[in-house]
Amino acid sequence: MRRRHNHPDVVPNHFHRQHTHTQTPSCPVSPLISSRFYTTTMPAPDKEIDLTERIEAFLSDLKRGGSGTGPLRGSAEMARETTALLRRIAAQARWSNAGDLMEIIRTEGRRMTAAQPSETTVGNMIRRVLKIIREEYARSRGSSEETDQQESLHKLLTSGGLSEENFRQHFAALKANVIEAINELLTELEGTTDNIKMQALEHIHSNEVIMTIGRSRTVEAFLKDAARKRKFHVIVAECAPFCQGHKMATSLSEAGIETTVITDAAIFAVMSRVNKVFNATGDLGNIQVEACELTCVGDLSGRLRSGFQVIIGTQTVLANGGLRAVNGTHTLALAAKHHSTPLIVCAPMFKLSPQFPNEEDTFHKFVSPHEVLPFTEGEILSKVNVHCPVFDYVPPELITLFISNIGGHAPSYIYRLMSELYHPEDHEL
Amino acid sequence: MAESGVTDGLCNTDDIERSKTEGKELTKEEKQRLRKEKKQQKKNKEKNDEKTSHEGEKKKNKKKKEEQPAGSASQPPAQPSPKAVPAPAPPPPAAAAVPVPASEAPAPADKPAKSKADLKAERASKGKKGDVGQPAPTGKLKAPPSELQPVVKRLPEHVQVDNPEVVKKLAKKLERQQIPLRSDYGYKVSLFSHLHQYSRKAPLTQQLGIPSTVIHPAIVRLGLQYSQGIVAGSNARSVALLHAFQQVIRDYTTPPNEELSRDLVNKLKPYISFLNQCRPLSASMGNAIKYIKKEISNIPSQCKEEEAKIKLLNCIERYINEKIVLAAKAIAKYSIEKISDGDVILVYGCSSLVNHILCEAFEKKRKFRVIVVDSRPRLEGREALRRLVQKGISCTYVLISAVSYILPEVSKVFLGAHALLANGYVMSRVGTSQIALVAKAFNVPVLVCCETYKFCERVQTDSFVSNELDDPDDLIVTRKGKTQLEHWQKVPSLGLLNLVYDVTPPDFVDLVITDLGMIPCTSVPVVLRVKNVDQ
């Protein structure tokens, strides 16, 4: 029997649904009501239902800001799960030609990005898969890959409707090829942290003072790898109010790295001693706070001594080479610029997003102001406005280097990488 | 001790009698004698006369110095014997040396010693701050250079923690003044090993006996309030200090054969050491203390005690009134010209002066709203928020990491200062320089409000050489039941840094509003010079 509870706060988390629901994947479901009740605990007999269940489960996960079981989920896992889900869709959904598949994926993709707009890795993976499908289609059709590229203006003018592909041709081997390509993508995703880690020794020399902010697993792995051979100091700026920097500092110091925790307010004061600033598009550590999703990319902390560096992570790398990173990063970047300290961003490629930072309302994400001014300050709480933004925009002029799994790049090169990863028609899902 | 049998000359008996009448406490004369002895010892060492006996004497003297309150009777050698032993009872031993050299040696030794004593008195009367608390050993060692170069200042002790000699000297001085020494706490980050780092959980007063005979109870209370952070903020601390000193002066009685102008200054020295141990003195407090000392020293000797006390109390009252209260009014008057309707003003932390300005402007019916920026771990901005909201000003509250989000809305930034340094740098709460930096990047004008009594003659270019390290345990926070840094002391390579102050370069500051008017940051040394000429 289908039991439907319409009280969102009363329903328990584990609600076993025994009946199928009549919605097909292509029809947009009001996610608020439906996705709250479904879990992946019940294996359904029908493959399609199984698929839709999984999609719904994923959407609810996204909305809640993390996997149902684990409280934290980084961008890497998000990317992996998205890709795995897309592979499942490609394998199990009913489609006869590339166009259908792309349509299905686009629809699902729109729902996924709507569920959690700030989690751009989901959208990025969808665009990657779409690009893969296009490429496989082109290869099956026999045309070389270059003709399918969109770069040259000359081509656009002379060929006219070259991009007017409707992808309606059916190829038998397309399914297998697509799945294989997605598998390759998954392998690439698995190896991103390792690839970035391996470049650590090229950028860190001995006796450096490195500043970083908040918590990023990429930067953590990066620094731990460098610490095997070199001795250096790390200054971690805790990222108030979430204080992710504390966890980063504890984990770094357990690996034997000399670490210091500073407050956000002291970033400029100690920056004069910093060599490099490493920022990572940190796993903004999806923190669940009641109904709000919190992502906190720790503070860039890292005292850089003269010759210091600032190494940071970020949540998203934008199309113009700018960053969307945890709040406090812009201050850190400005301080690094003032002291001419290089700012290095460790960002795997799946964080590169074709967005531009012009829409103010979609760029910023806010979480509960309880973090900033707790409810215990009740008598003034009603009379003040409290803001708790999660992200900061860092313009590309302040960034020195991006380190990604495919190597190091200057911020001015990011647009080129984007054209390799995504097709321009997919920029808008 | 071997030479103790020899009787002294006439000069010794005077000394004996005097030391007998003076009682157990160290008087100034005894201290002077100590100094003379030591200087004499040094000269003897150089002269290379009777080396072994000198060394023997010196050792005894050193021991004597350390056992000072016990009053042991170490015997000075022949030459310094005329400057008798401060210990009351035992006869000063005339050392075995021949009276002839004995009479010769004291003569030249006496003269420089006496002139040094005069110098000391002069210095005390000029009220130089550098003399706080180290009369005997360092006074002797430092006297020659200060005769030649009066502007050479001694480096303050609190920035030389990594120098073991300085630490030892401080310990000796505190022991002499009978003030407990506060011990450092926790692992200090290597860049700041030259500064003290105390824990709030171990206040200095735990080591004091009750009742404390050496330190006035008002001062003990004040020191505790400082170390626990109950009284915080440079104006508040200065005013509390001045009120405590008023109490001390009211309760003071001049001991017989002493002059109020000299004795009161000496009484204040251990109090200042104590307060310094509780929490390093701020620049404003330093200036206030200098002023008080100068006023005390300028009391004419024929003035009766009651009159003198009333005069001092009035001086202090006037100082508070002029330099703090009226200055705030003047600064508010200037600042209100800078606030226009529709302004969005950003303030950082809790500065009493800036709060005063905003409240005044609001009463003058200016329409503006305020954004209060706050930072961990002190979270002083909440106090400012409360005060402003009570007045009815509409406020927004963010943490310092969100400042680059909120700055596009801001039209002006008002900052308070802890001190203004002579090279134009603004020393203020940590985070101020960061706000000034981001404001500069967004082209928002930064105005610093500071009274002139906070101007100090120090120069500093970064936040490391002279700063204050607060309790590192303040950084620990419990979120969702998990405290990440709870056991930070156990991890050897982890350090927590809790800075209190930072310096803002003058290029970030557009205007400084003082009670003398609106000046650029670089005019601070001009103001200092004008002030010195006035005084």
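Biologist: How many residues of strand β4 (residues 412-416) of chain B are buried?

Modeller: This is a predicted model, in which local features need pLDDT of at least 70 and side-chain atom pairs 80 or more, while totals for chains, interfaces and linings use all residues. Residues count from 1 along each chain, chains are lettered from A and ligands numbered from 1 as written, and side-chain values use heavy atoms, without hydrogens or water. Lys412(B), Phe414(B) and Gly416(B) on one face of β4(B) and Val413(B) and Leu415(B) on the other are all buried (under 20% relative accessible area; exposed over 50%, partly exposed in between; 1.4 Å probe, protein chains only). The number of buried residues in this strand (a DSSP run of E, at least two residues; helices are H or I, at least four) is five of five.

Biologist: Which residue is the bridge partner of Leu415(B) in β7(B)?

Modeller: Strand β1 (residues 343-348) of chain B runs parallel to β4(B), joined by three bridges (pairing needs at least two DSSP bridges). Four bridges join β4(B) to the parallel β7 (residues 446-449) of chain B. In β7(B), Leu415(B) has as its partner Val448(B).

Biologist: What is the geometry of the ring pair Tyr319(B) and Tyr453(B)?

Modeller: Tyr319(B) lies in helix α12 (residues 305-338) of chain B and Tyr453(B) in the loop between β7 and β8 (478-479), 134 residues apart. Both are buried, Tyr319(B) with a relative accessible area of 6% and Tyr453(B) with 2%. Rings of Phe, Tyr and Trp (its six-membered ring) pair with centres within 6.5 Å, planes under 30 degrees being stacked, over 60 edge-to-face and the rest tilted. Here the centres are 6.3 Å apart and the planes at 85 degrees, so the pair is edge-to-face.
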